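Q: I'm new to this structure and would love a close look at one part of it. Could you walk me through the metal site and what lies around it?

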Amino acid sequence: MPDVTVVRRLRFNAAHRVHNPALSPEENARLFGKCNNPNWHGHNYTLEVHVTGPVDPVTGYVVDLGQLRDLVERLVVNEADHRNFNVDVPFMAGINPTSENIVVAMWRVLAPAIQPGRLSRLRLWETENNYVEYEGR
Ligand code: NI
């Protein structure tokens, strides 16, 4: 059976403050700029979930995209949507919410739960111009 990758895109918005408490206020401001704003700010995020696996001979699917959407919404999107990554989102507790750290935390929640197929890539867009990718390595 050929391996095919299917992709589901989900959108959410969330607030954050990128801040490392081990650094001084000046260093935080220099490193993180506007994303260090003490009273938070928001982003319209887009998450792309890539799942790779054999095409099921009965359904013709790798994975049912509706079921995949429901799973990703339940496990990560609904946890983050209209919330604040620094204070509201259990899987980000104690983690500086850069896009890099968010995508790795989402991977750790999603990878064990996705089947059939396997999670092969997560791509998280923070703005129209900036995204990060993680492939579990
Ligand atoms: Ni930001």
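A: Let's start with His16, which is buried, its relative accessible area being 0%. Keep in mind that this is a predicted model. His16 offers its NE2 atom to the nickel ion, and the other protein donors are Cys35 (SG), His41 (NE2) and His43 (NE2), lying 2.1 to 2.2 Å from the ion. His16 belongs to strand S1 (residues 3-16) and His41 to strand S2 (residues 41-54), so this pair ties together parts that are 25 residues apart in sequence. The angles among the four donor atoms run from 90 to 132°, and the site is tetrahedral. Along the chain, the donors follow the spacing H-x18-C-x5-H-x1-H.

Next, look at Asn36, in the loop between helix H1 (25-32) and S2. Asn36 is buried too, with a relative accessible area of 7%. Its side chain makes a polar contact of 3.0 Å with the side chain of His19. Among the residues that Asn36 touches are Arg17, Val18 and Ala29.

Strands S1 and S2 also bring us to some aromatic rings. Phe12, Tyr45 and Phe85 form one aromatic cluster. Phe12 lies in strand S1 and Phe85 in the loop between strand S3 (83-84) and helix H3 (99-110), so their pair ties together parts that are 73 residues apart in sequence. The ring centres of Tyr45 and Phe85 are 5.6 Å apart with the planes at 90°, so this pair is edge-to-face. Tyr45 sits in strand S2, 40 residues from Phe85. Both Tyr45 and Phe85 are buried, and Phe12 is buried as well, with a relative accessible area of 3%.

Technical notes. Residues are numbered from 1 along each chain as its sequence is written. This is a predicted model: local features need pLDDT of at least 70, side-chain atom pairs count only at pLDDT 80 or more; totals for chains, interfaces and linings use all residues. Side-chain values use heavy atoms; hydrogens and water are left out. Donors are N, O and S atoms within 2.8 Å of the metal (3.2 Å for Na, K and Ca); water is not among the atoms, so sites may look incomplete. Four donors count as tetrahedral if all angles lie between 85 and 135 degrees; four count as square planar and six as octahedral if opposite donors are over 155 degrees apart and all others between 65 and 115; anything else is irregular. Helices (H or I, at least four residues) and strands (E, at least two) are DSSP runs, numbered from the N terminus. Buried means under 20% relative accessible area, exposed over 50%, partly exposed in between (1.4 Å probe, protein chains only). A polar contact is a pair of N or O atoms within 3.5 Å; within protein, one must be able to donate a hydrogen and the other to accept it, and residues adjacent in sequence count only if both atoms are side-chain atoms. Contact means heavy atoms within 4.5 Å. Rings of Phe, Tyr and Trp (its six-membered ring) pair if their centres lie within 6.5 Å; planes under 30 degrees apart count as stacked, over 60 as edge-to-face and the rest as tilted. Lists of a residue's contacts leave out its neighbours within four places in sequence.
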